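Please examine the sequence and the model shown here. The paragraphs that follow lead from a single residue to the chain as a whole.

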Amino acid sequence: MTSPPESFLDQPVRGFLDQVAARTPAPGGGGAAAVTGAMAAGLVAMAARFSGRQLPSAGDLADQADKLRLMAAQLADMDARAYTTVLDVFRRRGDADPGWEAQRREALLAAAMVPLEIAGIGARVAALAVPVAEGGNPNLRGDAVTGAVLAAASARSAACLVDINVRLGGLDPELSRRAAQTAADAGDAAERIMN
C-alpha cells in the first residue's frame, strides 16, 4: 500500500477533491470532516476580523478560530495515517499473530480518537460563531452562520466515524457518547443562529 502524501493540504483544492473521489482509502470521511472544520473556523475568523467595531472580543474570537483552523487541518493528515494503520492491521489478519487482536483494538482506538478530536473542534468553532453572528458585523453574518453550519456538519460526521470505530473495536462506548454530545452541541449552536 502506498502511504499518504506528506500533507493533503499542500495540494491545490482540485487535487484534494480528486483524491477524495478516487478509489483510494484516504483521504476519506475523516479527512473531509477535518477540512470542513478548518474551513468553518476560517469563515468564523474572517467574520470576526470584520467585526472589530461591533464586537469588542472580535480579535480574541478570530485568534481562537485561527488556532482551531490549524488544529483541524492537521487532523486531516492524522486521520489518513490512522486509517492506513487500521487497513495494514486488517491485512495481517490471517498471519496467525497472537497479538493481532490487541493490534486491531489499538489501531481502531487511534482511528476513533482522531475524529473525536475533529468533533470537539467542530463544537468549539460552532460556539465561537454564535457571538460573531449575533453581535458582529451584520454584513458578515452569513459567513459566521455558514461557519457554524459547516462546523456542525464536521462534528456530526466525525461523531459517526467515532461510533463506527468504537463498534468495530469493541471499544468503550463512552467515546461514542462523548462524540455524540459534541455533535449535538455544535448542532445546537448552529441552529441558534440560523434564523
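A residue counts as buried when its relative accessible area is under 20%, and as exposed when that value is over 50%. The model to which this cut-off is applied is a predicted one.

Asp-66 offers a place to begin. This residue has a relative accessible area of 15%, and it is therefore classed as buried. Asp-66 belongs to helix 3, which spans residues 58-91. When residues up to four places away in sequence are set aside, Asp-66 touches Ala-45 and Arg-49.

The wider setting is a chain with six helices and zero strands. Read from the N terminus, its elements follow the order α-α-α-α-α-α. The radius of gyration of the chain is 18 Å, close to the 16 Å that the globule rule gives for 195 residues, so the chain is as compact as a globular protein of that length. Along the principal axes, the C-alpha atoms fill a box of roughly 65 × 35 × 25 Å.

How is the interior of this chain made up? Of its 195 residues, 45% count as buried. Among the contacts with a separation of 6 or more, 74% are between residues 24 or more positions apart.

The surface can be described in similar terms. The accessible surface of the chain amounts to about 10,100 Å², and carbon and sulfur atoms contribute 56% of this area. As for charge, the chain carries 19 positive and 22 negative charges, and the mean positions of the two sets are 2 Å apart.

How values were computed: Residues are numbered from 1 along each chain as its sequence is written. This is a predicted model: local features need pLDDT of at least 70, side-chain atom pairs count only at pLDDT 80 or more; totals for chains, interfaces and linings use all residues. Side-chain values use heavy atoms; hydrogens and water are left out. Helices (H or I, at least four residues) and strands (E, at least two) are DSSP runs, numbered from the N terminus. The radius of gyration is taken over C-alpha atoms; the globule rule is 2.2 Å times the number of residues to the power 0.38. Buried means under 20% relative accessible area, exposed over 50%, partly exposed in between (1.4 Å probe, protein chains only). Contact means heavy atoms within 4.5 Å. Accessible areas come from the Shrake-Rupley method with a 1.4 Å probe; for residues, only the protein chains shown count as cover. Lys and Arg count as positive and Asp and Glu as negative; His and the chain ends are not counted. The place of a charge is taken as NZ of Lys, CZ of Arg, CG of Asp or CD of Glu.
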